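Please look at the sequence and the fold below before reading on. The paragraphs that follow go from helices to the core, and then to the surface and the loops.

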Amino acid sequence: MLGIRPTTAEPARPVDDPLTALGAIDAVGAELERVLGGALDRAGEVDPVFARDVAGRVAALLRRGGKRLRTAFVWCGWRAAGGSGDATAVLRLGAALELVQACALIHDDVMDGSRLRRGAPAVHVDLARMHRAAGMSGPPEAFATAGAVLAGDLALAWADDLLTETALGSPHGARLHREWRAMRGEMVAGQYRDLHAQASGASGVDEALTIATLKSALYTIGRPLALGASLAGADERTLDALRTAGRCAGLAFQLRDDLLGAFGDPARTGKPVDDDLRTRKLTYLLAVALRLAEASGDEEAAAVLAPGAHPRPDETVARMRAALERTGARSVVESRIAELAAAGVRHFGSTGAGPAVRREFAVLVERASGIAPPDTTR
């Protein structure tokens, strides 16, 4: 365990040299490395095999990077609520969110059967390969699934320990914990709704939006903004504006991810491009396409997008992708992303944050959504 004690780390920056949002993305890597170093040492003291096989794989996933946008959104929330000076606690919140993200990715890859993550084999795939190479007994896949579940659990335990440590060192610790607790519950609820929708063959647009909101939008942007603002002692009006901004911008992020899942380049995304289509995952993109196909009488598109057997072969995946284009769903989703990104920036501006922070938030929304929202700082 990381240990529940006040941090003795040096401030991330001097008080007269504050971080920027993009600077926070760079700086959280060093903070995360300090956290991982201590966690791996303690894991080694518990058991060397566990440290090598489980803790080591969690650390390896985290060290392969990722966008680390959650840290930058924590910073934006902190600054919007008047935070300034020493940003150590901001970076520790960012590191805790990176650990939660590692848990989510490891478990998500198991549930979705994804084989690639951040340009390398997913944790369960790597564990199965280790099992075979070592000539261990029993089914490699069962061993790997169980091991990956434990790896995800460990990442979440590390995250909770770090958040608790940070909260204990803050005068606003109780508020931080409330936001964190809400975020964890939403994340699990969204993941379950995703599984439930797939098993039940759901196709509705509203259900797709509910899943996207719970599983991604709140957890990626909404709660990080609120966590950062809570660290600065924000009032409820500011928190409400940030949660609304984060929900809009977070949905824009998830809808972009849906498009990348269908049309992206694996060399750039670091994950397979066909997984969502092959398993017929209920995304907003798919739900809109099916609704448009039924409304226009495109029976071929409706049939190929409808619930059915999965995983689907390459030929069916190609037909699904063509249907997403032909129905106009891809264009509809692109337009919706632009609307959501603009709404997120507009709501963020209502917090009274200064022009510099608003500009940085807009840059982050563009990075997350792939669309530059209108400039509201002029």
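Helix α7 runs over residues 173-200. With 28 residues at 1.5 Å a residue, α7 should span 40 Å, and because its end C-alpha atoms are 40 Å apart, the expected and the modelled span agree. The model is a predicted one. Which residues of α7 are buried? They are Gly173, Leu176, Glu179, Trp180, Met183, Glu186, Met187, Gly190, Gln191, Asp194, Ala197 and Gln198. The buried residues of α7 pack against four helices, namely α4, α6 (140-168), α8 (205-231) and α9 (236-263). After α7 comes Gly201, which has a positive phi near 70°.

One of the helices that α7 packs against, α4, covers residues 88-112. The same check can be made here: α4 has 25 residues, so at 1.5 Å a residue it should span 36 Å, and its end C-alpha atoms are indeed 36 Å apart. Helix α4 is mostly covered, with 22 of its 25 residues buried. Just after α4, Gly113 takes a positive phi of about 70°.

Both helices can be followed into the nonpolar core. The largest nonpolar core has 117 residues, and those that touch the most other members are Trp75, Leu99, Trp180, Phe348 and Phe361. Trp180 is among the buried residues of α7. What does Leu99 touch, leaving aside residues up to four places away in sequence? Its contacts are Leu32, Val35, Leu36, Leu62, Ala155, Trp158, Ala159 and Leu162.

The surface offers another view. Met111, Tyr192 and Leu195 make a nonpolar surface patch of about 280 Å². Met111 belongs to α4. Met111 counts as partly exposed because its relative accessibility is 35%, and the partly exposed class lies between the 20% limit for buried and the 50% limit for exposed.

Two loop residues remain. Arg68 lies in the loop between α2 (48-63) and α3 (69-80). Its phi is near 55°, a positive value in a residue other than glycine. Is Arg68 buried or exposed? Arg68 counts as buried, because its relative accessibility is 15% and buried means under 20%. Arg118 sits in the loop between β1 (116-117) and β2 (120-121). Arg118 is also a residue other than glycine with a positive phi, in this case near 50°.

Key
Residues are numbered from 1 along each chain as its sequence is written. This is a predicted model: local features need pLDDT of at least 70, side-chain atom pairs count only at pLDDT 80 or more; totals for chains, interfaces and linings use all residues. Side-chain values use heavy atoms; hydrogens and water are left out. Buried means under 20% relative accessible area, exposed over 50%, partly exposed in between (1.4 Å probe, protein chains only). Patches are made of residues with over 30% relative accessible area and no salt bridge: like charges are joined within 9 Å, nonpolar side chains (Val, Leu, Ile, Met, Phe, Trp, Tyr) within 5 Å. Accessible areas come from the Shrake-Rupley method with a 1.4 Å probe; for residues, only the protein chains shown count as cover. A salt bridge is a side-chain nitrogen of Lys or Arg within 4 Å of a carboxyl oxygen of Asp or Glu. The expected span of a helix is 1.5 Å times one less than its number of residues. A nonpolar core is a set of buried Ala, Val, Leu, Ile, Met, Phe, Trp, Tyr and Cys residues joined through side-chain atoms within 4.5 Å. Contact means heavy atoms within 4.5 Å.
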